[in-house]
There are 4 protein chains.
Amino acid sequence: MTATQHRSTARSAKKSRGAGPRDPERTSAAILAAAVSEFTDKGYAGARIDAIARRSGANKRMIYHYFGDKDGLYRAVLESAYVGIRSSEAGLQLADLAPEKAIERLVAFTWDYFLAHPEFLSILSTENLHRAKFLKKSQRVLELHSPLVSAISDVLKRGAASGTFRTGVDPVHLYISIASLGIFYLSNRWTLSAIFARDLTAQPELRAWGRHISAVILGFLRPEKPLANKAARL
Amino acid sequence: MTATQHRSTARSAKKSRGAGPRDPERTSAAILAAAVSEFTDKGYAGARIDAIARRSGANKRMIYHYFGDKDGLYRAVLESAYVGIRSSEAGLQLADLAPEKAIERLVAFTWDYFLAHPEFLSILSTENLHRAKFLKKSQRVLELHSPLVSAISDVLKRGAASGTFRTGVDPVHLYISIASLGIFYLSNRWTLSAIFARDLTAQPELRAWGRHISAVILGFLRPEKPLANKAARL
Amino acid sequence: MTATQHRSTARSAKKSRGAGPRDPERTSAAILAAAVSEFTDKGYAGARIDAIARRSGANKRMIYHYFGDKDGLYRAVLESAYVGIRSSEAGLQLADLAPEKAIERLVAFTWDYFLAHPEFLSILSTENLHRAKFLKKSQRVLELHSPLVSAISDVLKRGAASGTFRTGVDPVHLYISIASLGIFYLSNRWTLSAIFARDLTAQPELRAWGRHISAVILGFLRPEKPLANKAARL
Amino acid sequence: MTATQHRSTARSAKKSRGAGPRDPERTSAAILAAAVSEFTDKGYAGARIDAIARRSGANKRMIYHYFGDKDGLYRAVLESAYVGIRSSEAGLQLADLAPEKAIERLVAFTWDYFLAHPEFLSILSTENLHRAKFLKKSQRVLELHSPLVSAISDVLKRGAASGTFRTGVDPVHLYISIASLGIFYLSNRWTLSAIFARDLTAQPELRAWGRHISAVILGFLRPEKPLANKAARL
DNA sequence: CATGAATGAGGATTCATTCAT
DNA sequence: AATGAATGAATCCTCATTCAT
């Protein structure tokens, strides 16, 4: 990625043409970016190749050249979405933190990421409408997830050992819970705002919900019976 | 209703054609049912009027007759989905139960309803892709939700008063949390199964997740400092 | 066929609209006729659905409605071509004629048919470019040909028995020979005229070639050693 | 030629890339060969410039460099096909053979050539679909054919003079007859096999048909009335 | 000479919707 | 009330050809 950027920077110095013909990397990146927007806004079936061409400034033919067909382009969008979140996540260093802090940090990161990347939520939703038809084929994406599970598992073990967390929590369940609370709220804020007659998309509401997620997750993780009680019962 | 039935009975004697032409109610119900399936499976843009006509056995022209256009048909589907869940919910009688029992019941009902009505999840997701464009227009649906909020609010108050629940919980937040955990899991089970390499659609996993939702919600609702509070009260 | 014509005639009396909407039979017949011309002129790949729509006066969508896709339309054209020649042929009554007369009649009919139906030659040529890909799938066409072989076989047997024809002639070979001489000349008249610098498409040339086919076929069928045989029999 | 070879040898030492860039002759020959295959398989309209580039290993731009456009490339293919058969034919030396032997040889050569050069048949067929549009423009090809007609004419005259052949046979007609029987069978073997439910592409069938052509042509050429009869009538 | 990116006009096919009966 | 034919505007995709290097 750095190499690429360098190269294109170097070149754009030489010839400052706005949107670059003869610059395959830039062209295909522009197409991908436009495709992310379009698929995000309209879903798979609603997305229009013509619109992507227009948005990206590229010739329609180039889309087929670089991505094969609509499916291929969508697949590229899907992959880039997952690669995006997982690689950001990799910088969290949960192992260096106390269990409670680690979970707080993971929850905060996740919520912030979802807030900052609405396209991720949208692609997810689209992909699930298709029952993960495309995702299943993407080995590249599938390999991305075991580090995440290991990291969470490690935190949970440490927390249980120190008595901070309840025992027996499944790390996959925990991650899904965190994601649920964040993604569902954001993905469904439009219908939720409508039915509850309350603007859940407003900044204060969003901040409140972020705190709520933390409260729910940490509230749940508290040991089932406080230590004192346990001792008392013995 | 009686009139209609009488009429159609009278006529079906006259001309015994299998599926009923000249039976407006049956025709439009068949169309709606087919539309639910189609929109559920394909989303709004992916749904095909032709497919709905085929699936329902009705003439395509009838769809336009009863529902105006594709939008109108979709709106009908959307409304029927919300009416379905809210009217089932109305039978819960949460006010008659102890706070903890009431929440357990609400959680269990909600999870079971989502499990039994995948079309509800799908429609929700589709509607959110469109930022609730259609829902906003449906006064009928919007009016359906204040009883739900009131009921939950009442339970939370009773729980807080008795020391069973923490205080300051927003009923809308609580409902969204319950819905999040259920809907997100089910809507996303296809991608989640893929990325976590684990069949989250299997019966035991589904049952485990149902228990997990209860644990999370009730775990969260526990008073924040149980020992102190409890001690104080004793 | 007669029924159809009658019906559409009856109707066109009632409502004299030039090209008939609401007359499926006429519409699909018009499409087929236009398709025959287009595929004949341009071959499969060169044919344009748009052109067929224009030529037939039908809406493009109707082509897909009646024939499925380009392949289906081509297949219909192919079938109609074979049905055309074989059903005309069926009226020849070769069994009622003396062997030599029967062959003369078959040759004359075949040549005349080819002359009158250039589209048949063209479709044949197109189909062979595709190695009979479509024909192989058409059971309907394949069943059309055994009566022809039987009829020729019978004539050859009678001719051999009476000493008019040589023995051991394969009826399929004979038919292919007759077809070869006629079809090749006509299909290739354009290149042949060019390379031999002689207008082989002119009427006198066509008549001369018709006589030539007869002479070749009958010349070939003469018994191999006429003198001896004839003498012996006298 | 020598210069070119020298040059390319010198360079192939320098950069041993498999197929030769910087070797104009090889590049254009490779393009032509690929074009022959492509036009043969798909016809003019069905042929793809991209496919020819891929098949030949040449850059698409080179095709335009050497042949101008699709038409020019097709024309080159067409010319090479005719040059191929006519120059092979030139070696037959029919004048040195007895008339019957000469015809036998011509028939055998022609059949063998068609068998060995399916692309010739295919190009012919394609060119005739276009009514010899391209051929007419190719002076080079047109000049190729008068020697053939002269040679056949000479043989026929000698045969008629010696009483071996019937009189009044048009040499162009004779050649077209020979070509008809060979080309039609081979070009149409796919449809003929299908409609006659018999594999006419099998080796034994091909050999049998080769003999059949000879039998038909020589059978036809036999004098109409044996000499004895003629004498008797005088 | 050679390359691979780029293009615009068109190609088959599909869709929601309306018309005539 | 119900039907099946008909439509025109898109929609995805492909093609021959040219441009910049």
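The bend at a residue is the angle between axes fitted to the seven residues ending there and the seven starting there. Keep that in mind for the first view of this predicted model.

**View 1. Helix α2 of chain B has a bend at B:T40.** At B:T40 the helix turns by about 80 degrees. The end-to-end span shows a shortfall too: α2 (residues 24-46) of chain B covers only 27 Å between its end C-alpha atoms, while a straight helix of 23 residues would span 33 Å at 1.5 Å a residue.

**View 2. What sits around the buried residues of α2(B)?** B:T40 turns up again here, as one of the buried residues of α2(B). Others on that list include B:I31, B:L32, B:V36, B:F39 and B:Y44. The buried residues pack against α3 (49-56), α4 (60-67), α5 (70-89) and α7 (118-129) of chain B itself, and against α2 (24-46) and α7 (118-129) of chain A.

**View 3. Chains A and B superpose by a rotation.** Turn chain A by 180 degrees, with 0.0 Å of shift along the axis, and it lands on chain B with an RMSD of 0.1 Å. The two copies are thus related as by a two-fold rotation axis. Of the interface residues of chain A, 98% are also interface residues in chain B, so the copies meet through the same surface.

**View 4. Chain C meets chain D.** Each chain brings 46 residues to this contact. On the chain C side, the helices that each supply at least two residues include α2 (24-46), α7 (118-129) and α12 (203-221). The largest share, eleven residues, comes from α10(C). By type, the chain C side divides into 26 nonpolar, 14 polar and six charged residues.

Note on methods: Residues are numbered from 1 along each chain as its sequence is written. Chains are lettered from A and ligands numbered from 1 in the order in which they are written. This is a predicted model: local features need pLDDT of at least 70, side-chain atom pairs count only at pLDDT 80 or more; totals for chains, interfaces and linings use all residues. Copies are superposed by least squares on the C-alpha atoms of residues with pLDDT of at least 70 in both. Two residues are in contact if their C-beta atoms, placed from the backbone, lie within 7 Å. Helices (H or I, at least four residues) and strands (E, at least two) are DSSP runs, numbered from the N terminus. The expected span of a helix is 1.5 Å times one less than its number of residues. A residue is buried if 20 or more other C-beta atoms lie within 10 Å of its own, exposed if 12 or fewer, and partly exposed in between; C-beta atoms are placed from the backbone. Ala, Val, Leu, Ile, Met, Phe, Trp, Tyr, Cys and Pro count as nonpolar, Asp, Glu, Lys and Arg as charged, and the others, Gly among them, as polar.
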